[in-house]
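This short report introduces one protein model to a reader who has not met it before. Please look through the sequence and the structure below before reading on.

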Amino acid sequence: MAVDPKAMAARNVRAYPLVSFLTVVSGRSVAAASAPVNAGAPRGESMGKHQRLINSAQVRPSSEIPAHSEAAPGQRVVFLDDRILPEASFYTAARVVRDLDGAPRGVDLHRHTCDTTYMILGDHPDLTGLTVEIVLEAERYEVASPASVFIPKGFPHSANCLRGSGKLINIVPSARYNAAFAP
Ligand SMILES: [Fe+2]
């Protein structure tokens, strides 16, 4: 089917009428216990009744979640949970690593009360550049980015960044990570 660029543009303008009027703000910091990653001068004006939905990411210790320790390389950065936004219904976080070459493991086998997923993103333009060790039950995999891993509810797993630079994203459909942890 032929696509009319003018019609497409018109649809886009109608779909996003406010984008050209609102200056997107850097997120507000809500947790005194952690330093926002993008701390510093705001990049824009604070405006708009929905600003509360936009929040700075927070660096938090790995040790606040079970089966995770500070031995894991890099920074754990939480983007969303109910500590950041009370009505949040899921958790998103990234482990940010650089220049790994056989890193120590900081995550042990564990399980969740819901399906979860990992996204493995390397720092290269094509998202290559990061290798993560994924253990699923008794099987060990070395997964090269870009890749995803689907973890079914109740499935024993671990994820440890091994080599390269990039981000390991974790998405857990629970308002708080620990609430979805299965003993
Ligand atoms: Fe997990």
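## The nonpolar core

The largest nonpolar core, a set of buried Ala, Val, Leu, Ile, Met, Phe, Trp, Tyr and Cys residues joined through C-beta atoms within 7 Å, has 19 residues, and those with the most contacts inside it include Val77, Val78, Ala93 and Leu168. At least two residues of this core come from each of β2 (75–80), β3, β6 (130–136) and β9 (157–172), where strands are DSSP runs of E with at least two residues, numbered from the N terminus.

This is a predicted model, in which local features need pLDDT of at least 70 and side-chain atom pairs count only at pLDDT 80 or more, while totals for chains, interfaces and linings use all residues. Residues are numbered from 1 along each chain as its sequence is written.

## Ala94 in strand β3

Ala94 lies in strand β3, which spans residues 91–101. Ala94 counts as buried because 20 other C-beta atoms lie within 10 Å (buried means 20 or more, exposed 12 or fewer, and partly exposed in between, with C-beta atoms placed from the backbone).

Leaving aside neighbours within four places in sequence, Ala94 is in contact (C-beta atoms, placed from the backbone, within 7 Å) with Val77, Phe79, Lys167, Leu168 and Ile169.

## Confidence

The mean pLDDT, the predictor's confidence in each residue from 0 to 100, is 82, and 74% of the residues reach 70 or more. Over residues 27–42 the pLDDT is below 50, although this stretch has 26 contacts in the model beyond near neighbours in sequence. Where pLDDT is low, the predicted coordinates should not be read in detail.

Key: Helix = DSSP H or I, 4+ residues; strand = E, 2+ residues; numbered from the N terminus. Contact = placed C-beta atoms within 7 Å.
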